[in-house]
2 protein chains.
Amino acid sequence: MSVKPTKIVQSLKPYVPGEQPQDGGFIKLNTNENPYPPAPEVIEAFRQAMPERLRLYPDPLCVELRTLLVERHKGSVSQIFVGNGSDEVLRLLFQAYLGAGDAVAMVNPTYSLYPVIAAQLGVRTKIFELGPDGEMPDFPALSSFKVFIIASPNPPYGTFYPEETLERLIKSAPSTLFIIDEAYVDFASGDATALVARYSNVVICRSYSKAFSLAGVRLGYAFGTEDIIENLFKLKDSYNVDYLSQTLGCAAVRAQAYYAGLAVRIREDRAFLTTELRRLGFKVYDSQGNFIFAENGDGGALYESLKKKMILVRYFDTPRLRTGVRITIGTRKELEALLKALRDK
Amino acid sequence: MSVKPTKIVQSLKPYVPGEQPQDGGFIKLNTNENPYPPAPEVIEAFRQAMPERLRLYPDPLCVELRTLLVERHKGSVSQIFVGNGSDEVLRLLFQAYLGAGDAVAMVNPTYSLYPVIAAQLGVRTKIFELGPDGEMPDFPALSSFKVFIIASPNPPYGTFYPEETLERLIKSAPSTLFIIDEAYVDFASGDATALVARYSNVVICRSYSKAFSLAGVRLGYAFGTEDIIENLFKLKDSYNVDYLSQTLGCAAVRAQAYYAGLAVRIREDRAFLTTELRRLGFKVYDSQGNFIFAENGDGGALYESLKKKMILVRYFDTPRLRTGVRITIGTRKELEALLKALRDK
């Protein structure tokens, strides 16, 4: 006889991770990793790090990293929370604000993790369909939802929602918490951090996995009011960010120039790939992320044919997304290999 | 106006981390860290690790590390779950098995995190007082509790509970999940892993923070039935253990001989410190951890006087523990400095 888990856990499907081939050989355009290495400053910080230090617990408050991060934003250290990847930050925000009977509102399509976290917490989800080109629909009164979560740029289309668009929503429902997931914002033409100073019902999430080339390190953070940040600290594991992650995260913040250069290159290659795929007859959404969504009617077949040619892209088998695939902006060489594979079909 | 968090979060106290001076100068005997560096194999693995690899996501399933770990225990890879520190493992176990209305039973004193996790999840806690020397009390029927958690060795006294003692409890309540937290077991005279093969209502937790000298890396794991482990996978963050932690964790498992040597040294120094403190008139509990609990009636004054001499020990301001302090087994030199400070008082 085995002990029964909670009803919530019984209702969850077994965990199936995304495709992460640990061997080489594939051109990996499926998980929105940055194709370029971390900054030389980060690699130097790694070389300088003292493994002898690993016997000690890390700083549970990530003070040095939070101090560096807040210099990028206008605010105080107590407005920054650092997590073990932005996945942890998002989970803690849901847990802090969504109790039994509360509902979280989100759009479709979006980052597939959001409904997963809601299900793990047993929280109701209300989904609003985006317009045909990823534009926001006319929402009903959002004040009936405790939390509204949106990514900007929003995967897998990559639609960027300007500050004014988000502000209109935030103003309309002052007792709803708006989580703006800016994991991809370094590849976009703007951001929404200015809203934090003006509204107490907004929190911004950022990730080190994309623009900072540090997906393997697991770092993300939230920027919001002191109230919101304190609630995350109440719920986090005691030492949630390890010593090396904090050390490398600090070095990455100091390497803005290098990363700004990478972002420019990725934006250029995104424009290149968008143009070329449209030439080949694909519908390509205007993306401001480090990925594009390309449709030709049958994403499943497209995914399979590319995989046979050792190119991995991301296929989502959902009603709205199975008409295409999401393609990460790799190096120019990788994108040319992809285009060649598509032309040779 | 700020958005209200859940009732559970409203009831939680703001987060206050343990004392972790990031500067040097103190003799740090307060957080049960290992005074010796990680194994040469771990330091070598660190030197060999490729920071360029950090741009990619880590293995979400930690397959290599789980494969190595399972060689230490008798079982299959699907019986091992690796977490971002054993704190994460414990939290996920609570979340998986404790729903609204359920209660978790534990002893007092024990690891102070257990009631904290219960409070974060809004779960009821039932506390049973240990006997005067840390021995188990006569429990009532435990089957009314969904989960029973016990550490063995159990901090801060360090009492070790033999397999037979635990087995008696486990047999008495087959629909109660027994979490045996073996964070300190490498310093003890036995362990309880054999129970996993015999009972489906037991799960063992282990930590890399103590015996493996890797508190800064954040690694812990659970060993239990496939059912239990699958439920943890359902709830974890997608990429909960970063690349370097997995890499260093693998190296540590391969360095058993080095770590066995450290454990012997720590046990010897624990015996030395216990004897010397008893000579000085302290009550010292028989400990099988890398720490001892020493009582002289006023732990607060003891803590303060040692801190003035740049020695940090752990003081718990609770009815049962304020009569003494917990002292981590540091190096022999550190322990001699401690004894000198106590004699010079």
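Student: Before we start, when do two residues count as being in contact here?
Tutor: Two residues are in contact if their C-beta atoms, placed from the backbone, lie within 7 Å. Please keep in mind that this is a predicted model.

Student: Then which residues is B:I170 in contact with, leaving aside its neighbours within four places in sequence?
Tutor: With those neighbours set aside, the contacts of B:I170 are B:F178, B:L195, B:Y199, B:N201 and B:V202.

Student: Where does B:I170 sit, and in which helix?
Tutor: B:I170 belongs to helix α6 of chain B, which covers residues 163-172.

Student: Is B:I170 buried or exposed?
Tutor: B:I170 is buried, because 23 other C-beta atoms lie within 10 Å, and the cut-off for a buried residue is 20 or more.

Student: And what separates B:I170 from B:S213?
Tutor: Their C-alpha atoms are separated by 31 Å, and the two residues are 43 residues apart along the chain.

Student: Let us change helix. Which residues of α11 in chain B are buried?
Tutor: In α11(B), residues 299-308, the buried residues are B:G299, B:L302, B:Y303 and B:L306. Viewed down the helix axis, these buried residues fall within an arc of 100°, so they line one face of α11(B).

Student: What do the buried residues of α11(B) pack against?
Tutor: They pack against three elements of chain B, namely β11 (311-312), β12 (324-328) and α12 (332-343).

Student: Which exposed residues are on the face turned away from the buried side?
Tutor: That face of α11(B) carries B:E304 and B:K308, which are exposed. Just after the helix, B:M310 adopts a positive phi of about 65°.

Student: Now chain A. Which strands does β3(A) pair with, and how do they run?
Tutor: β3(A), residues 103-108, is joined by six bridges to β4(A), residues 124-129, and these strands run parallel. Three bridges join β3(A) to β5(A), residues 147-151, again in a parallel arrangement.

Student: Which residue of β4(A) stands opposite A:V104?
Tutor: A:T125 in β4(A) stands opposite A:V104. The chain passes from β3(A) through α5(A) to β4(A), and this β-α-β crossover is right-handed.

Student: And which residue is the bridge partner of A:M106 in β5(A)?
Tutor: The bridge partner there is A:I149.

Student: What does the domain assignment give for chain A?
Tutor: The assignment gives domain 1 as 17-38 + 257-343 and domain 2 as 40-254. The C-alpha centres of the two domains of chain A lie 24 Å apart.

Student: How many residues of chain A does the contact take from each domain?
Tutor: The contact takes 23 residues from domain 1 of chain A and 26 residues from domain 2 of chain A. On the domain 1 side, α10(A), residues 256-279, and β10(A), residues 291-295, are the elements giving two or more residues. The largest share of that side, five residues, comes from α10(A). By class, the domain 1 side has 13 nonpolar, six polar and four charged residues.

Student: How many residues does the contact between the chains take?
Tutor: Chain A contributes 70 residues and chain B contributes 71 residues. Among the elements of chain A that give two or more residues to the side touching chain B are α2 (40-48), α4 (86-97) and α9 (243-253).

Student: Which element of chain A gives the most to that side?
Tutor: α8(A) gives the most to the side of chain A that touches chain B, with six residues. By class, that side of chain A has 35 nonpolar, 20 polar and 15 charged residues.

Definitions and conventions: Residues are numbered from 1 along each chain as its sequence is written. Chains are lettered from A and ligands numbered from 1 in the order in which they are written. This is a predicted model: local features need pLDDT of at least 70, side-chain atom pairs count only at pLDDT 80 or more; totals for chains, interfaces and linings use all residues. A residue is buried if 20 or more other C-beta atoms lie within 10 Å of its own, exposed if 12 or fewer, and partly exposed in between; C-beta atoms are placed from the backbone. Helices (H or I, at least four residues) and strands (E, at least two) are DSSP runs, numbered from the N terminus. The arc is that of the directions from the helix axis to the C-beta atoms. Domain bounds come from an automatic or database domain assignment. Ala, Val, Leu, Ile, Met, Phe, Trp, Tyr, Cys and Pro count as nonpolar, Asp, Glu, Lys and Arg as charged, and the others, Gly among them, as polar. Two strands pair if DSSP finds at least two bridges between them. A crossover is right-handed if, with the strands pointing away from the viewer, the path from the first strand over the helix to the second runs clockwise.
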